[in-house]
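Q: Could you take a close look at one part of this fold for me, the strands and the helices that pack around them? I'd like one connected walk through it.

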Amino acid sequence: MSSKTLMVMKKIDELGDWRRTHYSVEITPRLENKRVTVFGWLASMREQGGIVFLILNDKDGMVQVTIHKDRAPNSILEKLKNLNEHSSIGVRGIVKSIKKAPRGAEIIPEEIRILSTTQRQPPFSLFGGKMPSIDKRLDIRVIDLRRPKAQSIFKIRHTVLKAIRDFLISKGYVEVSTPKIIATATEGGAALFPLLYYDKEAFLAQSPQLYKEQLVIPFEKVFEIGPIFRAEESRTLRHLSEVISIDVEEAFVSYEDTMKLIEQMIHHVTKTINDKCSEEMELLKHKLIIPKAPFKRLTYDYIIKMLEKEDVIVNWGEDLSTQALKILGEMLPEFYFITDWPTAIKPFYIKPKDGNQDICESFDFMHGSIELASGGSRVSSKRLLMKRLKEQGLKPKLFEYHLRIFDYGMPPHAGFGLGLERLMMVLTGQENIREVTMFPRDQFRLAP
RNA sequence: GCCUCGGUGGUGUAGCCCGGUCUAGCAUAGGACGCUGUCACCGUUCUGACCCGGGUUCAAAUCCCGGCCGAGGCGCCA
């Protein structure tokens with residue numbers, strides 16, 4: 001047989017009128033003698049003399065299907081010859097309560113329908129063993145996502161997103177959506193992906209920043225959960241070209257209020273995970289401590305002095321290097337804020353401090369060495385905003401559509417943008433951002 | 001973008017420094033057979049690999065050059 005492909009023609013059954021009556025984990029001793037129909041994939045097949053154990057796996061878990069060769073109908077024995085790991089199958093049979101089976105119950109099949117078979121040897125087993133390189137796994141990502149660990153990560157992701165939405169909505173924030181195709185107006189910083197918009201040049205949005213600021217005029221408290229695009233040639237375990245950003249913006253508040261909101265939100269999210277995803281966290285072998293508010297607020301000045309004591313020199317006005325962040329991660333293995341950054345290294349829309357224009361009302365929300373979010377009080381004066389644009393080498397003319405709004409009563413406001421993937425890394429203890437992203441996009445990967 | 005490292009059966013690896021017993025080892029997966037309670041079953045057995053191209057050499061998985069692909073670090077950035 002060829003090693004690359006298993007080009008054996010297998011007979012495939014039709015789904016027909018079969019519909020699922022139960023998911024795998026619902027098969028328990030309480031269903032004793034009930035006829036059930038389950039669907040899923042064959043996770044393993046073990047022969048033990050005259051008895052064959054099939055493990056059927058669906059989105060919720062696994063169930064054992066047991067075939068006694070001397071008692072089973074011939075049709076089933078025939079099917080066995082065509083089965084291989086990862087085949088998708090349907091099983092109709094009778095539930096038997098038996099202590100020796102996993103979860104105390106198993107299905108004795110009356111009929112099996114093979115709905116698809118595998119044409120290649122899968123690169124890994126759902127039952128562990130050595131993991132292939134992440135590259136190989138990403139090439140067949142949806143198969144990889146059936147691994148229990150991946151399932152756990154994305155169940156947690158689902159829970160996190162719902163918890164964040166529930167929290168923000170309960171606090172009166174309105175969910176908004178802003179355009180991802182934009183004309184110009186880079187905020188500076190991250191590079192943009194250009195694209196052709198009919199006959200014009202356009203770009204993928206690096207952030208909903210300017211739109212969400214404008215939206216505080218009609219809605220006052222807004223949030224958006226959506227993709228942002230960065231054309232940075234970043235080759236690290238914590239950067240992607242496309243990520244989900246959780247953006248919040250609110251009128252008539254300052255960055256102090258925004259930090260408090262983050263504290264409450266993180267508290268709610270961690271509590272929800274511990275309540276609802278304990279099995280998943282256990283499988284990931286990750287302990288999540290529900291953090292107590294308030295989180296530490298350390299000024300940029302304080303941080304660089306702290307680093308100096310560890311012989312890591314950050315010149316005032318510079319961003320923190322990877323090395324500096326690593327040291328910080330060892331000293332502060334928790335959630336904390338770095339506040340009051342130099343104005344020059346923050347975007348033009350961040351408000352300089354009254355009294356000292358060199359620093360601004362800004363914060364980075366951190367966990368250990370990883371930056372999760374950044375935020376701050378925004379500039380609400382048009383004159384100041386134009387001055388700041390020029391200081392950062394940007395042309396006010398390109399921001400005309402944004403600036404004109406400031407002629408119509410732009411209130412003081414503040415907000416933040418938080419990277420969902422980075423939050424997921426922290427919550428699930430993953431070191432590679434690709435593990436918490438279904439279809440990661442980076443400098444080198446554009447498919448699947 | 002810069003730097004470093006790597007590419008050996010379906011998968012994970014050993015071998016590479018120091019070229020020749022490499023007919024390429026091991027584990028796992030896959031095929032066949034045996035086994036009536038397995039649960040990463042077990043036992044026997046079989047199958048299956050040196051990224052591509054060029055060079056050096058009597059001899060290349062091993063050394064050199066180019067290409068392709070990948071991983072990590074730094075920078076940028078969130």
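A: Let's start with the 3-stranded open sheet, which runs in the order β7-β9-β8 with antiparallel pairing; bear in mind that the model is predicted. Its edge strands are β7 (181-182) and β8 (194-197), each of them pairing on one side only. Between β8 and β9 (residues 200-204), which run antiparallel, there are 4 bridges. To pick out one position there, Leu196 sits opposite Glu201 of β9.

Now for the 8-stranded sheet. This one is open too, with mixed pairing, and you can trace it as β6-β10-β11-β18-β17-β16-β13-β12. At its edges stand β6 (174-175) and β12 (296-299); each has a single partner strand, so one side of each goes without a neighbour in the sheet. Further in, β13 (residues 335-339) and β16 (residues 362-367) run antiparallel and are joined by 5 bridges. Within that pair, Ile338 has Asp364 of β16 as its bridge partner.

Two helices that pack on this sheet deserve a look. Helix α4 (residues 148-170) touches β6, β10 (221-229) and β11 (242-251), and its direction makes about 150° with that of β10. Helix α12 (residues 420-428) also packs on the sheet, where it touches β11, β13, β16, β17 (370-377) and β18 (413-419). The direction of α12 makes about 130° with that of β17.

Stay with α12 for a moment. Of its 9 residues, 9 are buried, so the helix is largely enclosed by the rest of the structure. That goes for Leu420, Leu423 and Leu427, and the buried residues also include Glu421, Arg422 and Thr428. Buried here means under 20% relative accessible area. Right after α12 comes Gly429, which takes a positive phi of about 70°.

Back to α4, which has a helix partner as well. It packs with α6 (residues 255-276) at an angle of about 135°, the two axes lying 9 Å apart. The pair is therefore oblique, and α4 passes α6 in a right-handed crossing. On the α4 side, the residues that meet α6 include Ile156, Val160, Ile164 and Phe167. Across from them, α6 brings in residues such as Leu261, Met265, Val269 and Ile273, and also His268 and Lys276. Sorted by class, this contact comes to 10 nonpolar, 4 polar and 1 charged residues.

One more residue in α4 is worth picking out: Lys162, which has its place in that helix. With a relative accessibility of 46%, Lys162 counts as partly exposed. Its C-alpha atom is separated by 9.7 Å from that of Thr272, and those two residues are 110 apart along the chain. Thr272 itself is among the α6 residues in the contact with α4.

For another helix pair, go to α8 (residues 300-309) and α9 (residues 322-331). They pack at an angle of about 90°, with axes 11 Å apart, and are therefore roughly perpendicular to each other. Here Ile303, Met306 and Leu307 of α8 meet Ala324, Ile327, Leu328 and Met331 of α9. By class, this contact has 7 nonpolar residues, with no polar and no charged ones.

Conventions:
Residues are numbered from 1 along each chain as its sequence is written. Chains are lettered from A and ligands numbered from 1 in the order in which they are written. This is a predicted model: local features need pLDDT of at least 70, side-chain atom pairs count only at pLDDT 80 or more; totals for chains, interfaces and linings use all residues. Side-chain values use heavy atoms; hydrogens and water are left out. Two strands pair if DSSP finds at least two bridges between them. Contact means heavy atoms within 4.5 Å. Axes are lines fitted to C-alpha atoms, for helices over the stretch in contact, and angles run from 0 to 180 degrees between N-to-C directions. Angles under 35 degrees count as roughly parallel, over 145 as roughly antiparallel, 65 to 115 as roughly perpendicular and the rest as oblique. A crossing is left-handed if the near helix is turned anticlockwise from the far one by less than a right angle, and right-handed if clockwise. Ala, Val, Leu, Ile, Met, Phe, Trp, Tyr, Cys and Pro count as nonpolar, Asp, Glu, Lys and Arg as charged, and the others, Gly among them, as polar. Buried means under 20% relative accessible area, exposed over 50%, partly exposed in between (1.4 Å probe, protein chains only).
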